[in-house]
Amino acid sequence: MKYILVTGGVISGIGKGIIASSIGTILKSCGLRVTAIKIDPYINIDAGTFSPYEHGEVFVLNDGGEVDLDLGNYERFLDINLYKDNNITTGKIYQHVINKERRGDYLGKTVQVVPHITDAVQEWVMNQAMVPVDGHKEEPQICLGGTIGDIEGMPFVEAFRQFQFKAKRENFCNIHVSLVPQPSATGEQKTKPTQNSVRALRGLGLSPDLIVCRSSTPIEMAVKEKISMFCHVNPEQVICIHDVSSTYRVPVLLEEQGIVKYFKERLDLPIGDSASSLLSKWRNMADRYERLQKTCSIALVGKYTKLRDCYASVFKALEHSALAINHKLNLMYIDSIDLEQTTETEDPVKFHEAWQKLCKADGVLVPGGFGIRGTLGKLQAISWARSRKIPFLDADSTEFEPNAHIPVVNPSLISQLEQKDLSFVGQDVDGERMEIIELANHPYFVGVQFHPEFSSRPMKPSPPYLGLLLAATGNLNAYLLQGCKLSSSDRYSDASDDSFSEPRLAELEIS
């Protein structure tokens with residue numbers, strides 16, 4: 001097993017998750033089996049009780065685990081299905097160790113951070129790294145892990161300081177992601193924050209093998225050489241990732257800077273010097289994204305619109321579907337409470353702006369939420385989409401459900417509802433709970449009681465979201481006539497036409 005640890009420096013939110021996901025994508029394109037573990041230093045057992053405004057979206061895994069949104073990036077980029085134990089938190093580790101202490105597993109010894117907590121972290125990582133995540137029974141060959149260097153994360157950093165010797169140098173690699181700021185006053189890219197960040201990491205016993213420098217603009221060669229000199233690494237070990245139009249470009253940027261060859265030599269990997277056709281598809285997808293000309297506007301009517309990360313998977317699912325049909329996504333966030341009459345009284349400008357956005361939309365999406373606040377605004381948006389025949393998707397609006405664990409549709413009323421053009425087209429595996437509804441005599445009016453956005457992938461968009469985008473662009477009927485296949489012009493190639501005229505198979509998988 002090869003372990004790649006991704007650490008962050010200077011500030012949070014600079015893209016450790018995307019960098020780790022992109023590295024995994026490159027290694028997977030080389031034919032390797034890859035898994036991922038995310039380490040969060042908070043004391044919460046998991047992310048399930050967080051307010052959406054604390055850490056953004058809570059990503060839900062197939063086994064019901066409620067985890068950090070970075071695991072969503074891992075799943076989307078790598079096309080794998082992770083488990084709740086792929087997200088380690090301080091709370092989980094301490095709970096695990098305290099339970100062992102209560103059972104007497106430590107035989108009366110004094111239980112301490114070192115060695116008991118640090119040993120537990122290493123044991124957890126080694127055990128979880130061997131769990132298959134790609135639908136096959138074979139163990140992964142590469143385990144990606146991400147953590148940070150704040151004071152609360154020190155036990156994890158110490159655990160990996162020890163682990164690098166346990167795993168041996170040829171099996172362990174540390175990638176440090178740092179920021180290279182460019183103050184507007186001078187316009188000069190500054191290396192000092194990265195120098196200090198690397199120095200601090202070395203002081204904790206971890207030396208970066210690769211330094212990934214994040215910046216707003218491409219990093220100049222002189223800056224790269226300065227980082228190389230003062231951080232004691234070769235120039236080829238300094239990787240530069242500047243802000244790009246889409247995250248699909250990141251794996252391509254990494255591969256262009258020789259990262260495959262570096263990993264092959266550093267970790268003695270059984271691969272060639274370059275990535276395979278899978279990465280070519282990513283390159284084509286990134287090129288295609290940047291050339292899109294036609295736009296589809298979707299109104300997202302929700303309750304947590306002040307922070308975009310609250311709907312990260314919803315945005316990605318819409319983007320995957322838009323890209324599949326060669327359209328640029330224009331996602332308009334509307335706070336559902338702004339559509340209500342109370343807002344018209346208190347703030348007429350905000351009320352009219354919200355309704356103006358809704359009226360401009362080609363399609364409407366109402367994602368899940370909790371509590372009754374803003375529910376009336378959601379219902380008004382739904383009623384508006386229904387009466388005006390605007391394509392609409394309701395993706396798991398929990399506040400409409402009194403209890404998510406019992407059927408919310410009285411079975412005795414189903415026949416009456418279906419006489420009113422409301423069809424129940426999907427049920428749970430036991431055939432008891434109604435999972436998908438569809439309104440007849442409407443271009444696209446669908447409601448679901450699950451989260452289709454969590455299973456969407458860049459090259460395998462979620463069907464309910466794809467249906468919404470197809471209807472919103474006027475292409476749904478043509479798609480259905482072609483047997484639910486996108487035309488050859490819609491594959492991930494150089495084409496950027498949105499024609500559905502030829503019934504030819506695409507490379508895109510819809511499942």
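**Figure 1. The loop between α12 and β11 at Asn326 in the predicted model.** Asn326 sits in the loop that links α12 (312-324) to β11 (328-335). The phi angle of Asn326 is near 60°, a positive value in a residue other than glycine. Is Asn326 buried or exposed? With a relative accessibility of 2%, Asn326 counts as buried. The flanking elements recur in a later view: α12 lies across β11, as well as across β10 (295-302) and β12 (363-367).

**Figure 2. The loop between α4 and α5 at Leu107.** Leu107 lies in the loop between α4 (90-103) and α5. Phi of Leu107 is near 55°, which is again a positive value in a residue other than glycine. The relative accessible area of Leu107 is 75%, and the residue is therefore classed as exposed. Asn326, by comparison, counts as buried.

**Figure 3. The cis peptide bond between Val114 and Pro115.** Val114 and Pro115 are joined by a cis peptide bond, with omega about 15°. Pro115 belongs to helix α5, which spans residues 113-129. Helix α5 also bounds the loop that holds Leu107.

**Figure 4. The parallel sheet of 7 strands.** The strands follow the order β5-β2-β6-β1-β7-β8-β9 in an open sheet, and the pairing is parallel. At the edges are β5 (87-89) and β9 (238-242), each of which pairs on one side only. Neighbouring strands of this sheet are turned against each other by 20° on average, direction ignored. Within the sheet, β1 (residues 2-8) pairs with β7 (residues 172-179) in the parallel sense over 6 bridges. Which residue of β7 stands opposite Tyr3? The residue opposite Tyr3 is Phe172. Helix α8 (residues 221-230) lies across β8 (210-215) and β9, and runs at about 140° to β9.

**Figure 5. The mixed sheet of 7 strands.** This open sheet has the order β11-β10-β12-β13-β16-β15-β14, and its pairing is mixed. The edge strands, β11 and β14 (422-427), each pair on one side only. From one strand to the next, the twist averages 20°. Strand β13 (residues 392-395) and strand β16 (residues 445-448) run parallel and are joined by 4 bridges. Leu393 has Val446 in β16 as its bridge partner.

**Figure 6. Helices α12 and α15 on the mixed sheet.** Helix α12 lies across β10, β11 and β12, running at about 150° to β11. Helix α15 (residues 375-387) lies across β10, β12, β13, β15 (434-439) and β16. The direction of α15 is at about 150° to β12. Both strands of the β13 and β16 pair, joined by 4 bridges, are thus among those that α15 lies across.

**Figure 7. Cysteines without disulfides, at Cys173 and Cys231.** How many disulfides does the structure hold? The count is 0. The sulfur of Cys173 has its closest cysteine sulfur in Cys143, 13 Å away, which is too far for a bond. Cys231 is likewise in no disulfide, and the nearest cysteine sulfur, that of Cys213, is 7.6 Å away. The cut-off for a disulfide is 2.5 Å between the sulfur atoms. Cys173 counts as buried because its relative accessibility is 0%. Cys231 is buried as well, with a relative accessible area of 1%.

**Figure 8. The whole protein, for reference.** The protein has 18 helices and 16 strands. Its C-alpha atoms fill a box of roughly 70 × 60 × 50 Å along the principal axes. For 511 residues, a compact globule would have a radius of gyration near 24 Å, and the 25 Å of the protein agrees with this. Of the 511 residues, 53% count as buried. Among contacts between residues at least 6 apart in sequence, 71% join residues at least 24 apart. The accessible surface comes to about 23,000 Å², and 52% of this surface belongs to carbon and sulfur atoms.

Technical notes: Residues are numbered from 1 along each chain as its sequence is written. This is a predicted model: local features need pLDDT of at least 70, side-chain atom pairs count only at pLDDT 80 or more; totals for chains, interfaces and linings use all residues. Side-chain values use heavy atoms; hydrogens and water are left out. Buried means under 20% relative accessible area, exposed over 50%, partly exposed in between (1.4 Å probe, protein chains only). Two strands pair if DSSP finds at least two bridges between them. Helices (H or I, at least four residues) and strands (E, at least two) are DSSP runs, numbered from the N terminus. Axes are lines fitted to C-alpha atoms, for helices over the stretch in contact, and angles run from 0 to 180 degrees between N-to-C directions. Contact means heavy atoms within 4.5 Å. The radius of gyration is taken over C-alpha atoms; the globule rule is 2.2 Å times the number of residues to the power 0.38. Accessible areas come from the Shrake-Rupley method with a 1.4 Å probe; for residues, only the protein chains shown count as cover.
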